[in-house]
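Hello,

I am passing a structure on to you, since you have not worked with it before. Please open it first, and then read my notes below alongside it.

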Amino acid sequence: MIPQRVIEAKRDGQTLSPQQLTELLTGYARGEVPEHQMAAFLMAVVFRGLEDEELATLLTVMLESGAVLDLSHLSPHRVDKHSTGGVGDKTSLVLAPLVACLGGMVPMMSGRSLGHTGGTLDKLESIPGFRTGLDLGEFERVLGRVGCAMIGASERIAPLDRRLYALRDLTGTVPSPALMTASILSKKLAEGINALVLDVKVGQAAFLPDLEDARALARTMVRVASERGVPTVARLTAMDRPLGHAVGNALEVAEAVRALSGEGPEDLVQLCVELGAEMLVTGGVEAGLDTARSRCRAALASGRARERFAALVEAQGGDRRVVDDPALLARAPERAVVHAASSGVVRSIDARALGWATVELGGGRRHADDAIDAAVGFEIQARPGGSVSVGEALGIVHARTPADLERGIARLQAAIDIGEDGGPPPLPLLLERIDAQAIRVRGAPPAH
Ligand code: URA
């Protein structure tokens, strides 16, 4: 196999044979195909896409690049959730302990920040001592003790996604339905789950902003996962504004703790209750969504979910005191409140620009070996459609240096559009639900 000939074939819109694709990917995994050729190949896939058979090959090679866990001895209700990526999306931090305390088992493998979106692993690592790099034995032990555990792809599990994910982050090659499907499902199928809930984002800050594109991605992922024996439900949800108020790693952990304590922002809590209920039903813990929703709300209100999160933090080496006292999380030295320069209605909040602004402040990576600054980011008080008066607080910028603070203030001001009349109505938080029945997937037996 000559890598550049495979790249050229994809660039020119040809369909690759399973052999060509497998040789390219395994060559990359072995270090024989260099990063620059893989980056060029990924860009060709962004423009040309993959046929179903090519996607199946890509997913199989990625999945089989590492261990595929069998956790059936731990629980019959092994269920996970994955999002296609958003700004301010801290739902995983709430959902893993929430579902675990209600009888599901959540072996969650997450990612780092990707493009303008934040990553669950970076958020968790803003908790002092928290280890996302557990070995697989420790992962199982935490799962057995706490009912959930949260790790990243590693040399042992989903190693090919680990490398491709990092490369895509830095080369503008995230927004591809095929690459997203293979990346997400290679991690999820390796976890040994028997049910999956997908949160497919729609709107200007989603990787696939357009509703039609997001729907097609959701249908592909539901079909492929279901055909491989994991019953899957996708929810299409709004990402035309940040989720909750906080954007930035430690700020998002603090907000997730508030949600786990029954004090969360309304949109975050509503989304967590909905996705949590889907996880309980798809995972076979509950029979109906209404009861499952009530159980989720009750576990948040009573502090049970928060207590489970504290247990998870402790089990993974983190300082559990942050759950009672989020002031122990990193705090940026420079902070400023941004005020409205005029009165009016918030027409829109550019969540994508705020995501990139967080990267600029140091909360995400420009280069592969960049360290993440856990403390920086934004707290956004304005909401699309809300009225503001001149001088009212729109949000707070958290920055490392005075120069960064000035830049952050300018970015926040530019991201919030205030006009005399409202803009287009914000998307409903919950848009559509897609399951295997909706797309008539040929029934594959659930993998228990
Ligand atoms: N999340 C992933 O794990 N992979 C993607 O490609 C996008 C979001």
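**The sheet**

In this predicted model, an open sheet is built from 3 strands, arranged in the order β10-β8-β12 with antiparallel pairing. The strands at the edges are β10, covering 387-388, and β12, covering 416-419, and each of them pairs on one side only. As general background, the strands of a sheet pair through backbone hydrogen bonds, in either a parallel or an antiparallel way.

If you would like to follow one pairing by eye, try β8, which spans residues 344-349: β8 and β10 pair in the antiparallel sense over 2 bridges. Look for V345 there, whose bridge partner in β10 is S387.

A helix also belongs to this picture. Helix α16, residues 402-415, packs on the sheet and touches β8 and β12. The direction of α16 makes about 45° with that of β12.

**The ligand**

Next, please turn to the ligand. Which residues surround it? They are H82, S83, T84, L114, Y165, R168, M180, S183, I184 and K187.

Three of these side chains are worth zooming in on:

- H82: an N or O atom of its side chain is 3.0 Å from an oxygen atom of the ligand.
- S183: a polar side-chain atom lies 2.7 Å from a nitrogen atom of the ligand.
- K187: an N or O atom in its side chain is 2.6 Å from an oxygen atom of the ligand.

How much of the ligand does the protein bury? Taken alone, the ligand exposes 240 Å², and the protein buries 97% of that.

Happy exploring, and best wishes

Notes. Residues are numbered from 1 along each chain as its sequence is written. This is a predicted model: local features need pLDDT of at least 70, side-chain atom pairs count only at pLDDT 80 or more; totals for chains, interfaces and linings use all residues. Side-chain values use heavy atoms; hydrogens and water are left out. Two strands pair if DSSP finds at least two bridges between them. Helices (H or I, at least four residues) and strands (E, at least two) are DSSP runs, numbered from the N terminus. Contact means heavy atoms within 4.5 Å. Axes are lines fitted to C-alpha atoms, for helices over the stretch in contact, and angles run from 0 to 180 degrees between N-to-C directions. A residue is near a molecule or strand if one of its heavy atoms lies within 4 Å of it. A polar contact is a pair of N or O atoms within 3.5 Å; within protein, one must be able to donate a hydrogen and the other to accept it, and residues adjacent in sequence count only if both atoms are side-chain atoms. Accessible areas come from the Shrake-Rupley method with a 1.4 Å probe; for residues, only the protein chains shown count as cover.
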